[in-house]
Amino acid sequence: ENDIIFLGNSITAFCDWNELFGNTNIKNRGISGDQINDIIDRLPSLTNSNPKKIFLLIGINDLGKNRSVSQILNDYEKLVQIISMNSKTELFLQSILPTKGKKSMKNKEIVEINKGIYKLSIRYSATYINLFDKFKTDSNELNMKYSFDGLHLNGPGYLLWKEILLDYIK
């Protein structure tokens, strides 16, 4: 019940969060390739233990599979509803990160999805964390000093993410 869960796809999975924060209560439940419905399918195993906090970052793979902004936000809302109804967990909705050079993952659509995630955070009393603005360049692309491929983060990217989350983890 004191666990803090990082939930998402490869961007979450590629970090050793408990080591990064020096906190053994942090559990990484990111799975490479996951889409929103994949998380919905495995949610009972995560929420049954009533974790203290969940940090959610999901949706970029849905966009990569040519799902529309409205489809993504409908599924995202289902996910947030299930978490809210089935646990007393404090929920943190993190914006999708910008990309660079990813044709099926357009930043214009990511901005629209992030606006929807923000609205969901208000509707479901979750905390919204705007990662997009911290990782973007002036042209709304992923700043390549934080990435090795235009999608996934490198060491400096994870250190920036940690800095953004410090106050929420405490």
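## Exercises on rings and a cavity

The charged end of Lys162 sits over the ring of Phe21, 6.0 Å from the ring's centre. Keep in mind that this model is predicted. Now try these exercises.

**Exercise 1.** Work out how the rings of Phe55 and Phe92 are arranged as a pair.

*Solution.* Start with the total: eleven aromatic pairs are counted here. In the pair of Phe55 and Phe92, the ring centres are 4.3 Å apart and the planes meet at 10°. Planes under 30 degrees apart count as stacked, so this pair is stacked. Next, place the partners: Phe55 belongs to strand 3 (residues 53-57) and Phe92 to strand 4 (residues 90-94), 37 residues apart, which makes this a link between distant parts of the chain. Both Phe55 and Phe92 are buried.

**Exercise 2.** Describe the pair that Phe92 forms with Tyr168, and decide whether each partner is buried or partly exposed.

*Solution.* Phe92 and Tyr168 lie 5.7 Å apart, centre to centre, with 65° between their planes, an edge-to-face pair. Phe92 is in strand 4 and Tyr168 in helix 8 (residues 155-169), so the pair ties together parts 76 residues apart in sequence. For burial, Phe92 has 2% relative accessibility and therefore counts as buried. Tyr168, at 29%, is partly exposed. Finally, Phe92 and Tyr168 belong to one aromatic cluster, whose members also include Phe6, Trp17 and Trp161.

**Exercise 3.** Find the largest cavity and classify its lining.

*Solution.* The structure has one cavity of 30 Å³ or more, and the volume of the largest is about 30 Å³. Its lining includes Asn9, Ile11, Gly59 and Leu97. By class, six lining residues are nonpolar, two are polar and none is charged.

Methods:
Residues numbered from 1 in each chain as written. Predicted model: local features only at pLDDT ≥ 70, side-chain atom pairs only at ≥ 80, totals over all residues. Heavy atoms only, no water. 1 Å grid on protein atoms, 1.4 Å probe; cavity = no way out; pocket = protein on both sides within 12 Å on 5 of 7 lines; lining within 4 Å. Points joined across faces, edges and corners; volume = space filled by probe spheres on them. Nonpolar A, V, L, I, M, F, W, Y, C, P; charged D, E, K, R; others polar. Phe/Tyr/Trp six-rings, centres within 6.5 Å; stacked < 30°, edge-to-face > 60°. Helix = DSSP H or I, 4+ residues; strand = E, 2+ residues; numbered from the N terminus. Buried < 20%, exposed > 50% of the residue type's maximum accessible area, 1.4 Å probe, protein only. Lys NZ or Arg CZ within 6 Å of the ring centre and 35° of its normal.
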